[in-house]
Amino acid sequence: MSSVPETDRRTDGRSAVRAASPDHSRARGAAEDPRTVRLTVAQALVRFLAVQYTERDGRRHRLIDACWGILGHGNVAGLGQALVESGQGDDAPLRYLQGRNEQAMVHAAVGYARQNNRLSAHAVTTSIGPGATNLVTGAALATINRLPVLLLPGDIFATRTADPVLQQLEVPSAGDVSVNDALRPVSRYFDRVHRPEALIPAALQAMRVLADPAETGAVTLALPQDVQAEAYDWPEEFFAERVWHVRRPGPEAAEVAAAATAVLAARRPLIIAGGGVHHSEAEDALRALADATGIPVASTQAGKGSLRHDHPCDVGAVGHTGTAVADDLARAADLVIGVGTRYSDFTTASNTLFAEPNVRFLNLNITPFDSHKMGATTLVADARAGLEALTGALLGHRVPAAYEEEYGQGKASWERIVESAYATKDEGVRPTQTQVLGALDAAVGDDDVVINAAGSLPGDLHKLWRARSPRQYHLEYGYSCMGYEIPAAIGVRLAAPDRPVWALVGDGTYLMLPGEIVTAVQERVNINVVLVQNHGYASIGGLSEQTGAERFGTAYRYRAPDGTYTGDPLPVDLAANAASLGMDVIRAETVGELRAALAQARTSDRPTCVYVETDTSPSAPAPPGAAAWWDVVVAETSDRPAARRAREEYERHAAARRRHL
C-alpha cells in the first residue's frame with residue numbers, strides 16, 4: 001500500500017496504514033487463494049471505504065471520512081458488527097458517529113461535504129423500514145444541491161428465508177421491491193447488493209459517482225441484512241488504496257471564443273454566481289474576471305460569498321430575495337452570465353426578472369444539463385477553468401465607466417438600507433429579526449460560518465448578510481429543508497473544527513429536528529444555535545397573507561372560540577427544551593443582552609444556544625420587501641375578498657413571465 005501525503009487534518013485525520021482493517025486471513029486461517037481475504041460483506045465494505053481518496057490540484061482527501069448510524073435489526077449484526085470490529089476512536093479506519101434521527105444524519109453529512117467543497121463525504125447507515133425511509137428527505141436535499149453522501153440502508157433478506165420480515169412492505173405484484181426503492185428517484189446512483197460478489201462493482205460505481213463533480217449527489221447501496229453478514233473470499237486488490245481524481249475539465253476553444261464574443265457585444269452584462277463557484281474553489285478566478293472587466297456580480301443563495309461583500313463589483317443577492325441594485329441590473333441586463341447556477345425559480349423570479357427584450361444568456365457549468373438552460377450559449381467546464389479561460393479571452397476589455405458608476409451608486413444605496421435594517425436606537429428593547437442579524441454580523445469574524453435553510457430568515461439573510469469569506473454563508477436553499485440547520489452545523493464543525501459555527505433557526509424549524517443537539521453534546525462539537533422565537537411559521541404566514549389564505553394554520557397559538565388558531569401564543573419554552581438536551585442556554589430579552597450573549601457563545605467551548613424572542617408587532621421596523629416576484633399560484637375563484645384581491649395581483653405579475661429560448 002502506498003503512503004498518503006500529509007493533508008489537512010479536517011479531511012484526512014488518519015493514516016493509510018491505520019486505515020486497514022484487521023487481517024482476517026491470518027485471524028481465521030489463510031484462504032485457499034493467498035490473494036484473497038475472507039470477510040463478511042459488511043466487513044469488506046468498511047475496509048474498502050477506509051482506503052478511498054479523492055485528489056484535486058495535487059491534494060488528497062478521505063472520500064468517506066466517517067459513518068453516521070442508527071443501528072437496528074437491519075444493520076446491527078452487519079455494518080454495526082463490522083464497525084465495532086474495525087475499531088473506534090480517532091485512529092479508526094471508518095469513524096462511527098451516533099445520530100438520533102436518520103434524516104438529520106444525512107443533513108450532517110451534507111454540511112460536512114459542502115464545507116469540504118465536495119472532496120470529502122460521510123456515509124449514513126440505517127436499519128430497514130422507517131429508518132431507511134427517513135433517509136428520503138435528506139437524500140433529496142443532497143441530490144438537489146449536488147452534494148455527495150453515501151447511504152447504506154439495511155434491506156429485507158435476499159434469500160427470502162424470513163418473509164415478510166419486521167417492517168417489510170409487501171408488494172403483491174413485485175417481490176423484489178422494498179421501501180428502499182423510495183430512494184431511487186432521489187439518488188444519483190442506486191444498487192441493491194443481492195450477493196456478496198456484487199458489492200465489488202456496486203462499491204466502485206458508488207465511489208465514481210460520489211467523486212464526479214458533474215454527477216454527485218446521494219448514492220444508495222441497499223444492503224440485505226443476510227448478505228451483510230455473509231462471508232466471501234475477497235480479492236486483496238479490492239482493498240488496495242484508490243485515488244479518485246476530481247476533474248477540472250477545461251472548456252473547448254470554440255465555446256470560449258463564442259463566450260468572449262457574447263461578452264464583447266454586451267452593453268450591460270451581469271454575472272450570477274451560483275454554488276458551483278464555491279464547489280470549484282473558483283472565488284479567486286471570479287474576482288480576477290470582475291477586477292479585469294468591471295462586470296458586476298450578483299449571487300444566488302448557494303453562491304453568496306463568491307466575492308466579499310465589500311468588493312466593488314459585488315451587488316449582492318439576486319432574484320426574489322435579492323437586493324434592489326442586483327434585481328434592477330438583472331431587469332436591464334442584455335447578457336446574463338451564469339456561473340455554476342441551476343437557475344431556480346427564486347433566482348429568475350419565476351422567469352419574470354430578466355426583462356430586457358433582447359437579453360441573452362451565457363452559462364458556465366460543469367454539468368451540460370444546467371449549462372443549456374435559458375437557451376444559453378454554453379461553456380461546459382469546471383468553473384475555475386472556465387473563468388480563467390474567459391478572462392484570458394477578454395484581455396483588455398472593460399464595461400463602460402458609466403455602467404460601473406451606476407451599479408456602484410446602487411451598491412452604496414443598498415448598503416445604507418442594510419445599515420438601517422441592522423441599526424437600533426435603544427439597546428434595551430426587544431430586537432426585530434433583522435436586528436438579530438445585525439447583532440450577529442457585529443459578533444462574528446471572517447472565519448465564522450452562518451447556517452440557515454428555511455423560514456423567513458433566508459430572505460433576510462440573502463438580502464442583508466455581508467459575507468466576508470467564501471464559506472461564511474451556508475444557506476441550504478435548493479430544498480429549503482426545515483430542520484437542516486442544527487445537524488448541518490455539526491457536520492460543518494466536524495469539517496472545520498477551528499471555525500465558529502452558527503445555526504440560525506426559528507421556532508418552527510427548531511421543533512423539526514432538535515435531537516441532534518444530543519449528538520453535539522455527546523461528541524463535544526461546540527456549535528452555536530441562535531434560536532429565534534417568533535411563534536410559528538413567519539415566512540409562510542406572510543406568504544399566506546399575500547396569496548389570500550389569510551395566515552391560516554401558520555401561527556403557534558391556542559384555538560379561539562371560533563375554532564381558528566388565533567388565541568394566545570402557546571406556552572412553549574424552547575430554551576428549556578434546548579437545555580434539557582444538554583446545551584448551555586443564554587436567554588436574551590433585549591438588543592444589549594443579545595450582543596453580550598452572542599459574544600459569550602462565540603468563545604464557549606460547549607454547544608451553546610442563544611435564545612431570543614423577536615419583536616413582531618405591527619409597529620416594529622420591517623425588513624426590505626421583495627424586489628422581485630415569486631410564482632405561488634392563487635385560487636382562481638373564491639368568495640373571500642382577500643383571495644380575490646390576491647388573484648388580481650397574481651395575474652398582474654404572471655403576465656410578465658417569459659420563456660428564454
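Helix axes here are lines fitted to C-alpha atoms over the stretch in contact, and the angle between two such axes runs from 0 to 180 degrees between N-to-C directions. The model to which this description applies is predicted.

With that convention in hand, one may turn to a pair of helices. Helix α17, spanning residues 433-443, packs with helix α24, spanning residues 591-602, at an angle of about 40°, and their axes lie 9 Å apart. Because angles under 35 degrees count as roughly parallel and those of 65 to 115 as roughly perpendicular, α17 is oblique to α24. The crossing of the two helices is right-handed. On the side of α17, the contact is formed by Gln435, Val436, Ala439, Leu440, Ala442 and Ala443; α24 contributes Val591, Leu594, Arg595, Leu598 and Arg602. By character, the residues of this contact comprise 8 nonpolar, 1 polar and 2 charged.

A sheet offers a second point of entry. This open sheet has 3 strands in the order β3-β2-β11, and the pairing within it is mixed. Strands β3 (59-62) and β11 (242-245) stand at the edges; each has a single partner strand, so one side of each is left without a neighbour in the sheet. On average, and with direction ignored, neighbouring strands of the sheet are turned by 35° against each other.

Within the sheet, the pairing of β2 with β11 can be followed in detail. Strand β2 covers residues 52-56 and pairs with β11 in the parallel sense, over 4 bridges. In this part of the sheet, Glu55 stands opposite His245 of β11.

Terms used
Residues numbered from 1 in each chain as written. Predicted model: local features only at pLDDT ≥ 70, side-chain atom pairs only at ≥ 80, totals over all residues. Heavy atoms only, no water. Pairing = 2+ DSSP bridges. Parallel < 35°, antiparallel > 145°, perpendicular 65-115°, else oblique. Left-handed = near helix turned anticlockwise from the far one by under 90°. Contact = heavy atoms within 4.5 Å. Nonpolar A, V, L, I, M, F, W, Y, C, P; charged D, E, K, R; others polar.
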